[in-house]
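Thanks for coming, everyone. Let me put the model on the screen, and then we go through it piece by piece.

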Amino acid sequence: MNRDQRIVRTSIIGIVANLLLAGFKAGVGMLSGSIAIVLDAVNNLSDALSSVITIVGTKLALKKPDRKHPLGYGRIEYLSALMIAMIILYAGFTSMEESIKKIMHPTTPEYTKVGIVIIAVAVLVKVLLGTYVKKVGKDVRSDSLIASGEDALLDSVISFSTVVAAVIFVLWKVSIEAWLGAAISLIIIKAGVEMIRDTLSQILGERVDGDITKQVKATINSFEEVHGAYDLILHSYGPDRLIGSVHIEIPDTCSIDELDHLERAIAKKVREEHQVTLAGIGIYSINSKDPQVQKDREKIEKIVLAYEHVLQIHGFRIEYEERTISFDAVIGFGEKNLWELQQKLVQSVQKQYPEYEVTISLDADISD
């Protein structure tokens, strides 16, 4: 079963389970006059709608690339996750409105043992459903499923609180229904805001998971000719579609034919092992004929890395006849003044190599 089939199947399971739970809770809530249980039922309906949106989003994301969207429609899954988050937020505000009305005009709930048992069973169902949906979501890298799973687990806590309120009323005749409904509403609103924030962050463009970038670089470095992989940039066009570029360091003895074969082999292996498409592979040439080059590199690297936010140098090249030194330096995001740092780095290197023209390009710390 492929990724899309697993998402659809899991979503259908979520729809059926939430509709059944909503029916049970709505019935118990209306019979007992419990606003908290009724709101919990409404929340189950919103969960079912979330699963429908997940299915629709997954299907739309499968559309083939066209002239207008040559990289496909995979990012639609992020939009469907955003819609789910907005539904959850709306449900939270609606619940808060109803709870405030009940606080201002209180009514006395009537619970039955059967109703309490039904809600208790619903708690167990929600825990199992949420755990399952979230696990599948992580396995297939579906933000919509992960959001649905987290929401289901949150519902189980809310439902458990409802059971506690019912037991308190049965034992001591103290009704905390309306206040519990308000607390539930705050939890739902908080969850909705967090989901919207996280989804907008993904749409804006987040740093790619460090495990993925480290694995891709390790695969590239596994080739004997490669002496380093740098500047790996990956763009997400959906949870399962990463496209990017990288620079590699190779000896200057490598011929054009050998280089062409190497680039093709690297791209093929990365695609097969990590489902990542390398659209471009840049080259840094290493002077392998003069041992003095490595000594100078180590000396300059020590000078540059002494600065706090300098993480790495690469693409090093020194020309003794032309009297030039050039390399790239990776700078952490903690550095506030890049221009000033660049000037300090150039001056520090030129102090040791006064007869050389020094060029340093600053790279952002894009990937681990």
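Start with C254. This cysteine is in the loop between β2, residues 242–251, and α8. Keep in mind that this is a predicted model. Is C254 buried, partly exposed or exposed? It counts as partly exposed, because its relative accessibility is 23% and the buried class is under 20%. Now take I168 as a second point. C254 and I168 are 86 residues apart along the chain. Their C-alpha atoms are separated by 78 Å.

Compare that with another pair, I12 and I55. These two are 43 residues apart along the chain, and their C-alpha atoms are separated by 8.2 Å. I12 is in helix α1, residues 3–32. Its side of the story on exposure: I12 has a relative accessible area of 43%, so it is partly exposed.

Next, helix α8. It covers residues 256–274. D257 is in that helix. D257 also belongs to a negative surface patch, together with E224, E225 and E258. How does D257 rank on accessibility, buried or exposed? Exposed, because the value is 61%.

Stay in α8 for a salt bridge. D260 pairs with R264, and the closest N and O atoms are 2.9 Å apart. Both residues lie in α8. They are 4 residues apart, about one turn of the helix. The two partners fall in separate accessibility classes. D260 is partly exposed, because its relative accessibility is 34%. R264 has 58%, so it counts as exposed. On salt bridges that share partners: R3, D4 and E77 are joined into one network that way.

Just after that comes Q275. It sits in the loop between α8 and β3, the strand at 276–286. What is unusual in its backbone for a residue that is not a glycine? Its phi is positive, about 55°. Q275 is partly exposed, because its relative accessible area is 49%.

There is another case of this kind, R323. It is not a glycine, and its phi is positive at about 60°. R323 is in the loop between β4, residues 310–319, and β5, residues 324–331. With 37% relative accessibility, R323 counts as partly exposed.

Back to salt bridges. How many are there in the whole structure? The search finds 15. One of them joins K101 and E97, with the closest N and O atoms 3.9 Å apart. For the geometry people: the cut-off is 4 Å. Both residues lie in helix α3, residues 76–104. Again the spacing is 4 residues, about one turn of the helix. K101 is partly exposed, because its relative accessible area is 42%. E97 is partly exposed as well, with 43%.

Now a long-range one. D368 forms a salt bridge with R207, and the closest N and O atoms are 2.9 Å apart. Which parts of the chain does this pair link? Distant ones: the two residues are 161 residues apart. D368 is in the segment after β6, which spans 357–364. R207 is in the loop between α6, at 177–204, and α7, at 210–221. D368 is partly exposed at 37% relative accessibility. R207 is partly exposed, also with a value of 37%.

Last stop, helix α5. It runs over residues 143–172. Does the length work out, and what should the 30 residues span? At 1.5 Å a residue, they should span 44 Å. The end C-alpha atoms are 43 Å apart, so the expected and modelled spans agree. The expected value takes one less than the number of residues. K173 follows α5, and its phi is positive, near 60°.

V170 is in α5. At 40% relative accessibility, V170 counts as partly exposed. It is part of a nonpolar patch on the surface. The other members are V167, L171, W172, V174 and I176. Together, the patch has about 540 Å² of accessible area.

To recap two items. The negative patch holds E224, E225, D257 and E258. The link from D368 to R207 joins distant parts of the chain. That's it from me. I'm happy to go back to any of these on the screen.

Methods:
Residues are numbered from 1 along each chain as its sequence is written. This is a predicted model: local features need pLDDT of at least 70, side-chain atom pairs count only at pLDDT 80 or more; totals for chains, interfaces and linings use all residues. Side-chain values use heavy atoms; hydrogens and water are left out. Patches are made of residues with over 30% relative accessible area and no salt bridge: like charges are joined within 9 Å, nonpolar side chains (Val, Leu, Ile, Met, Phe, Trp, Tyr) within 5 Å. Accessible areas come from the Shrake-Rupley method with a 1.4 Å probe; for residues, only the protein chains shown count as cover. A salt bridge is a side-chain nitrogen of Lys or Arg within 4 Å of a carboxyl oxygen of Asp or Glu. Lys and Arg count as positive and Asp and Glu as negative; His and the chain ends are not counted. The place of a charge is taken as NZ of Lys, CZ of Arg, CG of Asp or CD of Glu. Buried means under 20% relative accessible area, exposed over 50%, partly exposed in between (1.4 Å probe, protein chains only).
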